[in-house]
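Welcome! Below are some short exercises to work through with the model open beside you. Try each task before reading its solution.

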Amino acid sequence: MGRSYIVDEAVEKYLGELQTPPGSCVTGLLTGQSSPQRDFVVLAVQTPHRESEGPAKASTGGSPLDDIDVEWVTEHARQVSRMLPGGLSILGLFLVTPPELSKDAQNTLKRLIFAVDKYITKGRLWELTEEDVTDRVTLHICSITKKAVCRTFDVKDPKSSAKPADWKYQTSVLSSWPMLTCSVELDVHIPVNESASNNTEKCIQDGFRKWAKQIEAGHCLINGKQAFDDSEFISGQKKNPKITQRQTLPARILVSDEHPEVDERSSAQVQVCSGSARVRGVVHCRAYIHNNKPKARQAAQAIKRDIINTVSCRVEMFLEDLLISEGSHKGPCSGRQALPRRVFVPAPCSGLSLCDYMFPDESTGDVAERLKEMLDWDIPETDIDISLETSHLFCSEVTDSHSSDSSEHVTSEVETPKIQKAPQYYAGVAVAAAVALLATATSLLYFNE
Amino acid sequence: MNCDIVHSEDCNIIFRVKGILEFVCLLDDSNDAQCTISKTFQGLSSKVSSKNLVFTVSNSAVLIWPNNCFQSSMDSLTDTSSCGDILKYIEADNSESKKSSKKKDRKNSGPTVVNMKLLFEVTEPAGNEAPNLYRMVGQQHFARMPLPMDCILYVTSNESLANACNGLVEALSKQLSDMEEVVIRSRKGSSLLVPQPFHFQLPEPTGHTTVIYPAGVPDSQLQGVREDLHKKFELPGDRPCLRRANAFRFPDEAYKDGYLRNPHIHLNPPNIDDAKLYLVQGVYSYHHYMQDRVNDDGWGCAYRSLQTIFSWFQQQGYVEMAVPTHTQIQQALVDVGDKEPHFFGSRQWIGSFEVQAVLNQLLGVTSKIMFVSHGSELATKGRELANHFQTEGTPIMIGGGVLAHTILGVAWSEITGQIRFLILDPHYTGGEDLQIIIDKGWCGWKGPEFWDQNAYYNLCLPQRFKTI
């Protein structure tokens, strides 16, 4: 009784068109959505070529399988998983090998799938539940015969053995999947106490755990109805296969400040700290849910996890970046810094919306470059939607400054390509900028008292 | 003052909204702590008045946005709905209905409590500014505490639901401001105490009032606060009204310790012509054989009666001490010199004099002793007993023959002299089953023939002491 994978024909096409240099191996990711009954694979992405290759190790006499850069595969997986909206995740890996390496392919895939899962779940702020599927798929393709063998491993069990699974291609798997959206406001205060065991990064990540628990425990309303149980989640769309229009459903999240373990205290919890951090702003979130009798609870979980992921991910990225750039400075300083903001891009064939994160000193050009590198997609910069999250600390791609905490450049972020949007955008920015200045002034005052 | 008032004469629904608001602030040595605390409370007040506030009605699917033009999750609940309309959405709590007996329901026809919880919507924000990280470097005290909000509103079922919700929002704001006062007043350096709300049902015209007390500060240290409030509400100056133990118990709140309270209220009064009832005032717990895993069958009846009396003083707010165990009672008697040390841990009986001694030793309570040489004389003690229940209102321990009992009241006719005694019997060995206790007369009205007509009896009549 193995798992069943329903795979979009776009993936079939992609895998069929893969160029495999003779005698070598190609690895890649398989992304999609799992549900207790079956799994859906909607996107395949080859592991990009690593440019900073040292002296070629290939010809040491070991098999090409041993040359697979596990670190690079897992890093690519992490980057891609950050680009996935809610509901979608890395479901597994594919490996293309020449026929003579086929018998060792399973071992390699097992090694890789466990490494990938371990790496991408590090720092995750939400917990798996019993209903989460922990099977991951491995697809081995012979480069000559093109024959594909599909197996699954349970990543919860390091001793798990390969189980057979079904791999079926289907047209337009996710064209009618509803998309849940919402914008979530957050205001999280975190004490920072640097010590030998606890660096700033860990403090901040830990500080978000409580917030993440609140979101997980919160009420979720989708299209006005509470979504909390195993009842069938009806998107309201009549099942007409001819209509491939995707429904967009607004989600609302209600949280409580309750925290049973601490609520019994009789006095405030006072911590002496060497500093504090506050993250405040609005994040835009999206999640997809399959339309094969999904449960309401699964839909709610998908959007909630996206909310948590997008926040933890951009904080993680910011802190990684900080570590690199602040290494030589004398230490952190007070002030306000913009976290990378989320931008959305439509996938070339399926209309699926993926996302990326743009740092204050970046432009849509940088995003397009990254998409090309990670996903091998050619997306025109105009297709990159940067309007869902705005920011007034972002400069245009101009001249100077990596000095992100000094003066704000109140220039518009519009680059010439976005011609049709420019006029309203300028106006909007001008007004918003005035408001932002006021907000900054007030918040700095608050902190300086 | 840190309390507010609700008039409750005709209301048949109580809206109660509870929830936690997280209080977070940075205290450092340079800033003015009071100012920072006030600002934080102001922030919470805005939060409560914002359109993100949501009330969820317990045991129902109803969600209400009171500050957002009264949105609700139910199409049929709109801004023109009345308070009573909300009741049909609430599922009765099944466990409660199974436990209640017919008699119990008949007596409890109080108002219906509609419990709500506080939630905040985090979606549909006003703007879409992407998150920024604000960093403050420098030593600070990061203070965080959960504020246990608990506001009530008495309404009638045909009042406007939207108005009631506005009333609750106002009550929340007012409570925050009362809490601010208490937090500032009880602050010591960077140590902040959690402000806890207590609801009291005071005599009309005051009615229901909510007072905020700092957590962890014993009643004995809040004397000054209570004195001011007693003056303000014109409460008697000799008995506790605003101690934490005096807090109003809502109809739907069960006692967590498992003891039955006031089983006598489920009884029908005896049918005597021209008789008046003189009963125990306030609340006591029924203590009897075999409770607390102590097998005192055959020797512990007076101890149990003493426990019932002790529970009365505790629940009327005279003391904050827990009801003593048999060994603690024995220890008190040894301490006071009334018994030799070997008495401790024994199964020796005690009588009215020992009860009087223990009440004095542990509670500082004095008691009057009444003696009758024959049980038949008790029928003539109507006036004294009636007076006791009118002025003191405490349960009476009676020992004689070989038994001890608790007298909770008398039905006495001044004209005919006829008398009945309301008895709580500590010899009951079963579980806390109200039905059995009432049906089998373990708590019941007895005539003068109940007493051993030839034995002598001593009665211990505990006296209240003056305190608030």
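The expected span of a helix is 1.5 Å times one less than its number of residues. Keep in mind throughout that this is a predicted model.

**Exercise 1. A helix against the ruler**

Task: Compare the expected span of helix H6 of chain B with the distance between its end C-alpha atoms.

Solution:
- Start with the length: H6 of chain B covers residues 301-315, which is 15 residues.
- Apply the rule, and the expected span comes to 21 Å.
- Now look at the model: the end C-alpha atoms of H6(B) are 21 Å apart, so the two values agree.
- Next, check the cover: 14 of the 15 residues of H6(B) are buried.
- Finally, step past the end of the helix, where H6(B) is followed by Gly317(B), with a positive phi near 90°.

**Exercise 2. The annotated stretch of chain B**

Task: Find which residues of chain B UniProt lists as "domain: UFSP1/2/DUB catalytic", and describe their make-up.

Solution:
- The UniProt record, an unreviewed entry, gives residues 277-460 of chain B for this domain.
- Over residues 277-460 of chain B, 29% is helix and 21% is strand.
- The C-alpha atoms at the two ends of this stretch are 20 Å apart.

**Exercise 3. A salt bridge inside one helix**

Task: Work out how Arg78(A) and Glu75(A) are placed relative to each other, and whether each is buried or exposed.

Solution:
- The side chains of Arg78(A) and Glu75(A) form a salt bridge, at 3.7 Å from N to O.
- Both belong to helix H2 (residues 70-82) of chain A, and because they are 3 residues apart, about one helical turn separates them.
- Buried means under 20% relative accessible area.
- Arg78(A), at 14%, is therefore buried, and Glu75(A), at 17%, is buried as well.

**Exercise 4. A salt bridge between two elements**

Task: Say which elements of chain A are tied together by Asp117(A) and Arg136(A).

Solution:
- Asp117(A) and Arg136(A) form a salt bridge whose closest N and O atoms are 3.4 Å apart.
- Asp117(A) sits in helix H3 (residues 102-120) of chain A and Arg136(A) in strand E5 (residues 135-142) of chain A, so the pair links parts 19 residues apart in sequence.
- As for cover, Asp117(A) is buried at 14% relative accessibility, and Arg136(A) is buried at 13%.

**Exercise 5. A salt bridge across chains**

Task: Trace the pair Glu121(B) and Arg252(A) from one chain to the other.

Solution:
- Glu121(B) and Arg252(A) form a salt bridge, with their closest N and O atoms 2.7 Å apart.
- The pair crosses between chains: Glu121(B) is in strand E6 (residues 112-121) of chain B, while Arg252(A) is in strand E12 (residues 248-255) of chain A.
- Glu121(B) is buried, with a relative accessible area of 5%, and Arg252(A) counts as buried at 16%.
- To round off the topic, salt bridges with shared partners join Glu75(A), Arg78(A), Arg82(A), Glu316(A) and Glu320(A) into one network.
- Over all chains, the structure holds 38 salt bridges.

**Exercise 6. One buried valine**

Task: Describe the surroundings of Val57(B).

Solution:
- Val57(B) lies in strand E3 (residues 53-57) of chain B.
- Its relative accessibility is 1%, so Val57(B) counts as buried.
- Leaving out residues up to four places away in sequence, Val57(B) touches Val62(B), Ile86(B), Ile90(B), Val114(B), Asn115(B) and Met116(B).
- Take one of these partners: Val57(B) and Asn115(B) are 58 residues apart in sequence, yet their C-alpha atoms are 6.1 Å apart.

**Exercise 7. A patch on the surface**

Task: Which residues form a nonpolar patch on the surface?

Solution:
- The patch is formed by Trp349(B), Val402(B) and Leu403(B), with about 320 Å² of accessible area together.
- To find Trp349(B), look in the loop between helix H7 (326-335) and helix H8 (352-363) of chain B.

**Exercise 8. The two chains side by side**

Task: Set out the overall figures for chain A and chain B.

Solution:
- Count elements: chain A has 7 helices and 16 strands, and chain B has 10 helices and 16 strands.
- Look at burial: 51% of the 449 residues of chain A are buried, and 54% of the 468 residues of chain B.
- End with extent: the C-alpha atoms of chain B fill a box of roughly 90 × 55 × 40 Å along the principal axes.

Key
Residues numbered from 1 in each chain as written. Chains lettered and ligands numbered in written order. Predicted model: local features only at pLDDT ≥ 70, side-chain atom pairs only at ≥ 80, totals over all residues. Heavy atoms only, no water. Helix = DSSP H or I, 4+ residues; strand = E, 2+ residues; numbered from the N terminus. Buried < 20%, exposed > 50% of the residue type's maximum accessible area, 1.4 Å probe, protein only. UniProt positions renumbered as here; feature names shortened; annotations may be inferred. Patch = residues over 30% accessible without salt bridge, like charges linked within 9 Å, V, L, I, M, F, W, Y side chains within 5 Å. Areas by Shrake-Rupley, 256 points an atom, 1.4 Å probe, with all protein chains shown as cover. Salt bridge = Lys/Arg side-chain N within 4 Å of Asp/Glu carboxyl O. Contact = heavy atoms within 4.5 Å.
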